[in-house]
2 protein chains.
Amino acid sequence: MSVTAAAGFDASGVAAGLKSTGGLDLALVVNRGPLQNGAAVFTSNRSKANPIIWSQQVIADGTVSAIVLNSGGANCFTGPQGFQVTHATAEAVAELLALSATDVLVCSTGLIGDQLPLSKVLSGVAAAVAGLGDNGEDAARAIMTTDSTPKRSVRAGDGYTIGGMAKGAGMLAPGLATMLVVITTDAALESAQLDAALRCAARVSFDRLDSDGCMSTNDQVSLLASGATGVRPDLDAFTIVLTAVCLDLAQQLQRDAEGASHDIQITVTHAATEDDAVEVGRSVARNNLFKAAIFGNDPNWGRVLAAIGTTDAAFDPYTVDVSMNGVRVCHAGAPDRPRTEVDLTPRSVDVLIDLNSGTFSATIYTSDLTHDYVHENSAYAS
Amino acid sequence: MSVTAAAGFDASGVAAGLKSTGGLDLALVVNRGPLQNGAAVFTSNRSKANPIIWSQQVIADGTVSAIVLNSGGANCFTGPQGFQVTHATAEAVAELLALSATDVLVCSTGLIGDQLPLSKVLSGVAAAVAGLGDNGEDAARAIMTTDSTPKRSVRAGDGYTIGGMAKGAGMLAPGLATMLVVITTDAALESAQLDAALRCAARVSFDRLDSDGCMSTNDQVSLLASGATGVRPDLDAFTIVLTAVCLDLAQQLQRDAEGASHDIQITVTHAATEDDAVEVGRSVARNNLFKAAIFGNDPNWGRVLAAIGTTDAAFDPYTVDVSMNGVRVCHAGAPDRPRTEVDLTPRSVDVLIDLNSGTFSATIYTSDLTHDYVHENSAYAS
């Protein structure tokens, strides 16, 4: 179902020949209305792919009629020729569907620095338009790169539905958003409301995912509203349902992170500010030594504290507690329970860091550093 | 030779039983004078090991008579008991050599969060004092942890000598300094001069080394002057020789970085400021995707640009050039020479990033991300 679970949306996923495997690689999502409202958040990487540069213009007026997405090439650092391909893709979608090209978002994902073959993209767009229907599954598959499974999520609100799809398995570290995500709803909300809800939901979901500390050039999370139910939900209630969808998709991305053998939740409590909690959690999530230790089922809490020490967060090294999978291994900055009591064999690992410095908390979602991660990322382009 | 190459220094390295292997694990360096001047730089990690906290007090007056170093335990996050061990170690050295404990620097390295066995340390100190002599080699071996070889360097100045030893193979990412390094000289310089020279030399050597982005809790670089030659060198000339020693030691650390199969030099040119050049180089050096690609001999320059985009440095993505081992693969933010022309099979890899934004440059020294790195760091504590 994914993006076609909400009323008013058609989708398709086709094989345009962009992937060398011949798999599905081009997706199209069309908003049949009556509303064509949209919001989007983008990577904060200053090296932006051509589809990001294009889509930031499209979203400016809050009107989105369609979104076209391709895997098999990031169309990033491909110069004027690459921007031309993005532009021509939007124009082709617009012409075939009698829309304005300036209401068509474009997303690309794949290798940076290679040109996308325009003729294949245009043939793919034609096939995608011809195949439009209740094909959210195909669309979710067509945006996969190194993902092992498609990611989709559907939640029911009070008289309306929110559904979405996502891709992303590596280069997961958000600036504002991360990965490619399309979320649709048949609720009737204005673009500004969608924008507020999306930023709120992304802040505690996609923004808290950090598989490898590497920020993508192509990340885009879009939210499209058709208003097909005519239901005008309370914005706070809508945001809660939307956040559930975003967190579900983010956790699916976490579980499928390249090469990961552990899903790690790092929860920082009693921070002086929420920013402090996020900074501390992220410092641990990005520490290769910690991540390799978890891969080795080694509750090496010293590496947690060494990472925290690199932050500007308010904390006293002598009042910090660290627990791993429920066992407090460090209390007040000194050894507490023996490491041997910690069982890290389950795939899910919970690290609890109590800063004892305030009332705020945050959870960061990350993965371990494994041989498979190194293998997958040393062989990707070849 | 290492730390005993300069006149006026004795050293020793003994097995105190701190390492489970039974190898050398305690080193002592004593300055026989006539001067006992010293300077030191320390990790900027806010989670500081007990020997760092101690040594920062010792160095305050610029007088250093001896330095005692142990491997087999970091003595970090070990609470008041751990600080007691550091203090007692300095006291023992002082008593046996008729010095003041407040002139004895202490360094520790090994696992964070385990107590050092005081009785073994004290027996080791006694043996080290008994074994003092021209034993710089033993001292260099006694500070090794996962290092595969001891690191030492000796350079002759105009009538004086500078020699040093270093350890460090992982958790190499400097704040101010990184790793354990002891450098000695028989030149006659004041502590303030040593401090100025050391900061200047460390800034372009140890501070530019970043094997895995993980900052240690125990890093310390010390420079001790005996004045035994009576030669009072020009400070600039001394700094040049000292910088050569520091860069030699830093590059030995780079070549022995845990699991590395490539030594990577990332040179950033035409930056608006030196800080920009360092920030850009470091962002690439810490990018796991880039590091894994180099392990796979894959000249994936897109990952270089994606990393640069996360910085605040002045640059325009459309005027950046990237060369790898002499082949310009990216020109003005678009593909240039084919990736296939780049030969990454040599161990040494040169990445040249031309920001075209100014006149400053810097080189960062790093390593690739390999299966061996993951293996070594997933099994360290067990």
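**Close-ups of a two-chain predicted model**

Chain A can be laid on chain B by a turn of 180° and a shift of 0.0 Å along the axis, with an RMSD of 0.0 Å. This is a predicted model, where local features need pLDDT of at least 70, side-chain atom pairs count only at pLDDT 80 or more, and totals for chains, interfaces and linings use all residues. Residues are numbered from 1 along each chain as its sequence is written, while chains are lettered from A and ligands numbered from 1 in the order in which they are written.

**View 1. Here is the axis that relates chain A to chain B.** The turn and shift just described are the relation of a two-fold axis. In chain A, the C-alpha nearest that axis belongs to A:His371, 2.6 Å away from it. For the fit, copies are superposed by least squares on the C-alpha atoms of residues with pLDDT of at least 70 in both.

**View 2. This one shows where chain A and chain B touch.** The contact takes 48 residues from chain A and 48 from chain B; two residues are in contact if their C-beta atoms, placed from the backbone, lie within 7 Å. On the chain A side, α8 (288-295), α9 (301-308), β13 (334-335) and α10 (371-378) each supply at least two residues. Helices (H or I, at least four residues) and strands (E, at least two) are DSSP runs, numbered from the N terminus. Sorted by class, that side of chain A has 23 nonpolar, 22 polar and three charged residues. Here Ala, Val, Leu, Ile, Met, Phe, Trp, Tyr, Cys and Pro count as nonpolar, Asp, Glu, Lys and Arg as charged, and the others, Gly among them, as polar. And 100% of the interface residues of chain A are also interface residues in chain B, so the copies meet through the same surface.

**View 3. Now look at the two domains of chain A.** Domain 1 covers 2-255 and domain 2 covers 263-378, with bounds that come from an automatic or database domain assignment. Their C-alpha centres lie 32 Å apart. Where they meet, 11 residues of domain 1 are in contact with 12 residues of domain 2. The domain 1 side of that meeting place has two nonpolar, six polar and three charged residues.

**View 4. Six strands of chain B make an open sheet.** Their order is β13-β12-β11-β14-β10-β15, and the pairing is mixed. Two strands pair if DSSP finds at least two bridges between them. At the edges sit β13 (334-335) and β15 (360-367), each pairing on one side only. Inside the sheet's order, β11 (residues 321-324) and β14 (residues 348-354) pair in the antiparallel sense over four bridges. One spot to find is B:Val322, which stands opposite B:Ile353 in β14.

**View 5. Zoom in on some backbone oddities.** Most residues other than glycine have a negative phi, and most peptide bonds are trans. In chain A, though, a cis peptide bond joins A:Gly33 and A:Pro34, with omega about 15°. A:Pro34 lies in the loop between β2 (26-31) and β3 (37-42) of chain A. Over in chain B, B:Asn75 has a positive phi of about 50° although it is not a glycine. B:Asn75 counts as buried, with 32 C-beta neighbours inside 10 Å. B:Asn297 also isn't a glycine, and has a positive phi of about 55°. B:Asn297 is partly exposed, with 18 other C-beta atoms within 10 Å. The rule is that a residue is buried if 20 or more other C-beta atoms lie within 10 Å of its own, exposed if 12 or fewer, and partly exposed in between, with C-beta atoms placed from the backbone.
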